[in-house]
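Colleague: I am new to this structure and would like a close look at one part of it, with the reasoning spelled out as you go.

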Amino acid sequence: MHTIPKEKLPRHIACIMDGNGRWAHSRGLPRRAGHRAGADTVERCVDFCISHGIPWLTLYAFSSENWNRPKTEVQALMLLLHDFLKKRLREMKNKGVRLLAIGDTSRLPKRTRELLERSIEQTAGNTKINLVLALSYGSRAEIAGAARKIAEKISSGELHPDAITEETFGQYLDTAGMPDPDLLIRTSGEMRISNFLLWQISYAELYLTDTLWPDFSERDMEMAVKDYARRTRRFGGI
């Protein structure tokens with residue numbers, strides 16, 4: 001990795017963490033075992049980004065569509081989120097992780113939502129890495145919500161339609177103030193975006209791998225970043 005100039009490294013990596021269930025099924029384990037194994041991968045990715053000076057990491061932890069999964073699995077995922085926050089808060093503080101969240105977190109169980117809010121508050125001063133958890137997140141709902149907020153501003157006379165630019169619109173998204181992802185990684189061989197950061201990844205480089213999320217190692221992350229560094233980003237130019 002030290003052969004890659006710093007300017008060639010992504011500033012913001014986003015991950016669609018896929019394959020926990022298949023990982024567990026292939027081992028004859030319940031799906032929740034795959035989700036727990038996937039939580040260890042989160043730590044590996046955070047450590048990788050810190051060690052290589054990559055300041056932003058966004059993880060698709062729970063989509064708005066995931067609420068449609070069986071109730072028992074949803075409950076297990078919420079418990080896992082609660083345990084992750086409870087067990088890793090001190091570690092995040094020690095490592096300099098600043099925790100953030102995007103999505104409709106009002107739908108989370110009360111105790112988990114309150115723990116998330118405390119974790120965000122207690123890590124607000126950290127500067128090593130910004131770890132963004134997309135929770136109860138759906139990009140279409142996010143975009144529709146931004147449009148509603150802008151419509152309300154126009155209706156009240158606070159905003160003129162001619163003032164609406166791409167930059168203005170971005171200020172009403174959940175990710176306001178965050179840089180757009182440079183690199184989007186999806187594990188488990190799936191070839192779709194799954195309603196994740198549709199506005200923000202308009203010029204992100206995509207990296208798809210057959211590796212299941214619980215097996216995604218620092219070596220896999222290094223391969224993704226090296227692949228990114230070899231690409232020429234033209235942003236529509238020549």
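In which hand, left or right, does α2 pass α3? Please take that pair of helices as the place to begin, and then lead me outward to what surrounds them.

Modeller: Please keep in mind that this is a predicted model. In it, α2 passes α3 in a right-handed crossing. Helix α2 covers residues 31-51, and its axis comes within 10 Å of the axis of α3, the two crossing at roughly 25°. Because angles under 35 degrees count as roughly parallel, α2 and α3 are described as roughly parallel to each other. On the α2 side the residues that meet α3 include Arg-31, Arg-32, His-35, Arg-36 and Ala-39, together with Asp-40, Val-42, Glu-43, Asp-47 and Ile-50. Their counterparts in α3 include Glu-73, Ala-76, Leu-77, Leu-79 and Leu-80, and also Asp-83, Phe-84, Arg-88, Glu-91 and Lys-95. Sorted by kind, the residues of this contact divide into 11 charged, eight nonpolar and one polar.

Helix α2 also packs with α7, which spans residues 218-230, and here the axes lie 9 Å apart at an angle of about 50°. The helices α2 and α7 are therefore oblique to each other, and their crossing is right-handed. From α2 the contact draws on Arg-44, Cys-45, Asp-47 and Phe-48, while α7 brings Glu-218, Met-221, Glu-222 and Val-225. These residues divide into four nonpolar and four charged, with no polar residue in the contact of α2 with α7.

One member of that contact, Cys-45, leads to the matter of disulfides. A pair of cysteine sulfur atoms must be within 2.5 Å to be taken as a disulfide, and by this rule the count comes to zero. Cys-15 is in no disulfide, for the nearest cysteine sulfur, that of Cys-45, is 5.3 Å away. Cys-45 is likewise in no disulfide, its nearest cysteine sulfur being that of Cys-15, at 5.3 Å. Cys-15 is buried, with a relative accessible area of 0%, and Cys-45 is buried as well, at 2%.

On returning to α3, which runs over residues 71-95, one finds that its axis also comes within 10 Å of the axis of α4, residues 110-122, and that the two cross at roughly 20°. The helices α3 and α4 are therefore roughly parallel to each other, although this time α3 passes α4 in a left-handed crossing. The contact is made by Met-78, Leu-79, Leu-81, His-82, Leu-85, Lys-86, Leu-89 and Lys-93 of α3, and by Arg-111, Thr-112, Leu-115, Leu-116, Ser-119 and Gln-122 of α4. Here the residues divide into seven nonpolar, four polar and three charged.

Within that contact, Thr-112 of helix α4 can be followed a little further. Thr-112 is buried, with a relative accessible area of 2%, and, once its neighbours within four places in sequence are set aside, Thr-112 is in contact with Met-78, Leu-81, His-82 and Leu-85.

Leu-81 in turn is among the contacts of Leu-135, a residue placed in strand β4, residues 129-137. Leu-135 counts as buried, at 1% relative accessibility. Apart from neighbours within four places in sequence, the contacts of Leu-135 also include Ala-61, Phe-62, Ala-101, Ile-102 and Leu-116. Leu-135 and Ala-224, by contrast, are 89 residues apart in sequence and 24 Å apart in space, C-alpha to C-alpha.

Definitions and conventions:
Residues numbered from 1 in each chain as written. Predicted model: local features only at pLDDT ≥ 70, side-chain atom pairs only at ≥ 80, totals over all residues. Heavy atoms only, no water. Buried < 20%, exposed > 50% of the residue type's maximum accessible area, 1.4 Å probe, protein only. Axes fitted to C-alpha atoms, helices over the stretch in contact; angles between N-to-C directions. Helix = DSSP H or I, 4+ residues; strand = E, 2+ residues; numbered from the N terminus. Parallel < 35°, antiparallel > 145°, perpendicular 65-115°, else oblique. Left-handed = near helix turned anticlockwise from the far one by under 90°. Contact = heavy atoms within 4.5 Å. Nonpolar A, V, L, I, M, F, W, Y, C, P; charged D, E, K, R; others polar.
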